[in-house]
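Hi,

Here is the structure I promised to pass on. Have a look, and my notes follow below.

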Amino acid sequence: MKIIVLIILILLMGCAPKSDKEPSTKSEQYKKDLAVCKQDVEKEMARTAKSGSTPLSTTNAELREEELINLCLMAKDVY
């Protein structure tokens, strides 16, 4: 079920209107915001890390890290 929802979300993302802000231009403010978000996410991931690591948990952690970075950038109104 989760996979179906994920696929639907990915397909619908292409239908979203384009933002006025272009993060692809890599402005100095975007680079600063990205660096701050990555630093905050690294702290959070280290705080919540589990001792055992399997390929599945590593993949889940990487996905969670990307999700947190995107949420952080959205909170900073980058997207």
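In what order do the elements of the protein run from the N terminus on? The answer is α-α-α, and the secondary structure comes to three helices and zero strands. Keep in mind that this is a predicted model.

Overall, 14% of the 79 residues count as buried. The protein exposes about 6,800 Å², and carbon and sulfur atoms supply 62% of that area.

I spent a while on helix α2, which covers residues 28-48. With 21 residues, α2 reaches 30 Å from its first C-alpha to its last, close to the 30 Å expected at 1.5 Å a residue. Its buried residues are Tyr-30, Asp-33, Leu-34, Cys-37, Val-41 and Met-45. Looking down the axis of α2, you'll see these buried residues fall within an arc of 100°, so they line one face of the helix. The general pattern behind this: an α-helix has 3.6 residues a turn, so residues three or four places apart point the same way. Flip to the other side of α2 and you get the exposed set: Glu-28, Lys-32, Glu-42, Lys-43, Ala-46 and Arg-47.

The other thing to check out is a nonpolar surface patch of about 330 Å², made by Ile-3, Ile-7 and Leu-11. Ile-3 sits in helix α1, residues 2-13. Why does Ile-3 count as exposed? Its relative accessibility is 61%, and the cut-off for exposed is over 50%.

Shout if you'd like to go through any of this together.

Cheers

Methods:
Residues numbered from 1 in each chain as written. Predicted model: local features only at pLDDT ≥ 70, side-chain atom pairs only at ≥ 80, totals over all residues. Heavy atoms only, no water. Patch = residues over 30% accessible without salt bridge, like charges linked within 9 Å, V, L, I, M, F, W, Y side chains within 5 Å. Areas by Shrake-Rupley, 256 points an atom, 1.4 Å probe, with all protein chains shown as cover. Salt bridge = Lys/Arg side-chain N within 4 Å of Asp/Glu carboxyl O. Helix = DSSP H or I, 4+ residues; strand = E, 2+ residues; numbered from the N terminus. Buried < 20%, exposed > 50% of the residue type's maximum accessible area, 1.4 Å probe, protein only. Expected span 1.5 Å × (residues − 1). Arc of directions from axis to C-beta.
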